[in-house]
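Welcome! Take a moment to look over the model, and then we can walk through some of its features together.

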Amino acid sequence: MEKNNKDFVLPGDRLSTAEEYVPGDNTTELNGDVISLVMGSVQRDEKRLLVNVKKPKEKIVPGNGDIVYGQVTRSDNRQTIVNIAGIRKNGNILYFHAEGYIRNSMDDRRDERYFQAARIGDIIRAKVIRVGQNLELTLRGEGLGVLLTRCSRCRNYLRIKDGKLYCENCDRVEVRKTAPDYGYPIL
Ligand SMILES: [Zn+2]
């Protein structure tokens, strides 16, 4: 018997005979055949002779209050641009690509931690505060901030020393709004 070699199947599609493969995820045996119970992509495990169907990944819709992870690509007096790579949904961090920005207000000059709180190359954890064409983010709030950064002079990773970001190479201190788990991020 010839097997169904389609990669994408619909519920009820025949995947193989029950002799060729054992039903795995989202499949079942019916009248000597293995059929799909869902719409999705076929994955065959040739070692265990299992056939699975994986459901398409759900589209991730970011919302206000969501926590995102990303890297700063640009920063000036007006805004900090973030290349977002992950989003926390239901306790898991999922791959999610989008551009975000943090407004840099002149009022932030009063607190040096918040004036350009993150710089180019920094890895950050931020919160979504407005969903639009791009996502507006903030570093203000518990657990938010820079997770990893390099010295702007020698590019060495900075570590926390006496509560400050310190470069051992240059013997100098830099200012960011760091997350409490800076350097050892707990995802
Ligand atoms: Zn340095």
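## The largest pocket

A good place to begin is an open space in this predicted model. The residues P56, K57, E58, K59, I60, K89, N90, N92, L94 and Y95 line the largest pocket, which holds about 260 Å³ of space. Sorted by class, its lining has four nonpolar, two polar and four charged residues. Strand 10, which covers residues 92-103, supplies the largest share of this lining, with three residues.

One of the lining residues, L94, is found in strand 10. L94 counts as partly exposed because its relative accessibility is 33%, a value in between the cut-offs of 20% and 50%. If you would like a sense of distance, find L50 as well: 44 residues separate L94 and L50 along the chain, and their C-alpha atoms are 27 Å apart.

## The second largest pocket

The second largest pocket contains about 190 Å³ of space. Eleven residues line this pocket, and G163, K164, E174, V175 and R176 are the closest to its centre. Strand 15 (164-167) and strand 16 (172-174) each give at least two residues to the lining. Its classes come out as four nonpolar, two polar and five charged residues.

Is R176 buried or exposed? With a relative accessible area of 7%, R176 is buried, because that value is under 20%. R176 sits in the segment after strand 16. Its side chain has a polar contact of 2.7 Å with the side chain of D122, and another, of 2.9 Å, with the side chain of E174.

## The zinc site

Which residues coordinate the zinc ion? The donors are the SG atoms of C151, C154, C167 and C170, at 2.2 to 2.4 Å. Along the sequence these donor residues follow the spacing C-x2-C-x12-C-x2-C. C154 lies in the loop between strand 13 (145-148) and strand 14 (159-161), while C170 lies in the loop between strand 15 and strand 16; this pair, 16 residues apart, links distant parts of the chain.

The arrangement around the zinc ion is tetrahedral because the four donor atoms subtend angles of 100 to 116°, and the test asks for all angles to lie between 85 and 135 degrees. For reference, the ideal angle for four tetrahedral donors is 109.5 degrees. As for exposure, C154 has a relative accessible area of 29%, so this cysteine is partly exposed.

## A contact at strand 5

Now turn to D33, which lies in strand 5 (residues 33-36). D33 has a relative accessible area of 18% and is therefore buried. Its side chain makes a polar contact of 3.2 Å with the side chain of R14.

## Two positive phi angles

Some backbone angles also deserve a look. Most residues other than glycine have a negative phi. N26, however, is a residue other than glycine with a positive phi, near 60°. You will find N26 in the loop between strand 3 (22-23) and strand 4 (27-30). Its relative accessibility is 27%, so N26 counts as partly exposed.

D162 is another residue other than glycine with a positive phi, here near 50°. The place to look for D162 is the loop between strand 14 and strand 15. D162 counts as exposed because its relative accessibility is 75%, which is over 50%.

Terms used:
Residues numbered from 1 in each chain as written. Predicted model: local features only at pLDDT ≥ 70, side-chain atom pairs only at ≥ 80, totals over all residues. Heavy atoms only, no water. 1 Å grid on protein atoms, 1.4 Å probe; cavity = no way out; pocket = protein on both sides within 12 Å on 5 of 7 lines; lining within 4 Å. Points joined across faces, edges and corners; volume = space filled by probe spheres on them. Helix = DSSP H or I, 4+ residues; strand = E, 2+ residues; numbered from the N terminus. Nonpolar A, V, L, I, M, F, W, Y, C, P; charged D, E, K, R; others polar. Donors = N, O, S within 2.8 Å, 3.2 Å for Na, K, Ca; no water. Tetrahedral: all angles 85-135°; square planar, octahedral: opposite > 155°, others 65-115°. Buried < 20%, exposed > 50% of the residue type's maximum accessible area, 1.4 Å probe, protein only. Polar contact = N/O pair within 3.5 Å; in protein donor to acceptor, adjacent residues only side chain to side chain.
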